[in-house]
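Please open the model in your viewer, keep the sequence panel beside it, and follow the stops below in order. At each stop you will be told what to select and what can be found there.

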Amino acid sequence: TTFDLSLHPKADKKTAKAAKLIGQLAARTGKHDDDAFAGKLASGEFIQHSSARVRVIGTASSELFAAAAPLPEIALLDDPVTASGRVELRYWLKEQAVSMTLHRFGTPASSFHKLADRLKQPQTQQ
């Protein structure tokens, strides 16, 4: 997955050092104060693949919540950070379910069964 990293210009030295290390993995990095970040958030700049999940380390300002409020595709998260992967990753993993129906309007269709059989066979690498 890709992510963007934004650091507040007045962040302390420890946070800046950690951000520098993490920033090597980020698609984009930048320094934004609350007003600048709120403007980018409100413009939808951080929305990728129809959603944006913004993880704030610390407490999000009221400007950030106001900027994100009109955009339901933005999740602004400022809960305390935990060491539990189950707690932290629940916001970031997207689940997808795939199913196949082998009938059309309740009538079994042989073409659907043939397709299902083809899909169940292991794919060979070329």
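Before selecting anything, keep one grouping of amino acids in mind: Ala, Val, Leu, Ile, Met, Phe, Trp, Tyr, Cys and Pro count as nonpolar, Asp, Glu, Lys and Arg as charged, and the others, Gly among them, as polar. This is a predicted model, in which local features need pLDDT of at least 70 and side-chain atom pairs count only at pLDDT 80 or more, while totals for chains, interfaces and linings use all residues. Residues are numbered from 1 along each chain as its sequence is written, and side-chain values use heavy atoms, with hydrogens and water left out.

**The whole chain**

Begin with a cartoon view of the protein chain, which has five helices and six strands; helices (H or I, at least four residues) and strands (E, at least two) are DSSP runs, numbered from the N terminus. Read from that end, the elements follow the order β-α-β-α-β-α-β-α-β-β-α. If you turn the C-alpha trace, you will find that it spans about 65 × 35 × 30 Å along its principal axes. The radius of gyration of the chain is 22 Å, whereas a compact globule of 126 residues would have one near 14 Å; this radius is taken over C-alpha atoms, and the globule rule is 2.2 Å times the number of residues to the power 0.38.

Of the 126 residues, 21% count as buried, a word that here means under 20% relative accessible area, with exposed meaning over 50% and partly exposed lying in between (1.4 Å probe, protein chains only).

**The largest pocket**

Next, select D4, L5, R53, V54 and R55, which lie nearest the centre of the largest pocket, among the 37 residues that line it. The elements that give two or more residues to this lining are β1 (4–7), α1 (13–23), α2 (34–43) and β3. The space in this pocket comes to about 1,500 Å³, and its lining divides into 17 nonpolar, 11 polar and nine charged residues.

A pocket is found on a 1 Å grid over the protein atoms alone, as an open set of points where a 1.4 Å probe fits, with protein on both sides within 12 Å along at least five of seven lines, and lining residues have an atom within 4 Å of a point. Its volume is the space filled by probe spheres set on the points, which are joined across faces, edges and corners.

**R55 and its partners**

Keep R55 selected, since this residue of strand β3 also leads to the next stop. Which residue meets the side chain of R55 in a salt bridge? It is E88, at 3.1 Å from N to O, where a salt bridge is a side-chain nitrogen of Lys or Arg within 4 Å of a carboxyl oxygen of Asp or Glu. The pair links distant parts of the chain, with E88 in helix α4 (residues 85–89) and R55 in strand β3, 33 residues apart. E88 counts as buried because its relative accessibility is 16%. The side chain of R55 also reaches the backbone oxygen of D79 at 2.8 Å.

**More salt bridges**

From there, move to D79 itself, which forms a salt bridge with R90, the closest N and O atoms being 3.9 Å apart. D79 lies in the loop between β4 (74–77) and α4 and R90 in the loop between α4 and β5 (103–104), so this pair ties together parts that are 11 residues apart in sequence.

Now select R28 and E45, whose side chains meet in a salt bridge of 3.3 Å, N to O. R28 belongs to strand β2 (residues 28–31) and E45 to the loop between α2 and β3, 17 residues apart. R28 is partly exposed, with a relative accessible area of 36%, and E45 is partly exposed at 32%. The structure holds five salt bridges.

**Two unusual backbone angles**

Stay in the loop between α2 and β3 and select H49, then S50, which is found there too. Most residues other than glycine have a negative phi. H49, however, has a positive phi of about 55°, and S50 has a positive one near 70°. H49 counts as exposed at 72% relative accessibility, and S50 is exposed at 62%.

**A last stop**

Finally, select K120, in helix α5 (residues 110–120), together with G23: their C-alpha atoms are separated by 41 Å, and the two residues are 97 residues apart along the chain.

Definitions and conventions: Polar contact = N/O pair within 3.5 Å; in protein donor to acceptor, adjacent residues only side chain to side chain.
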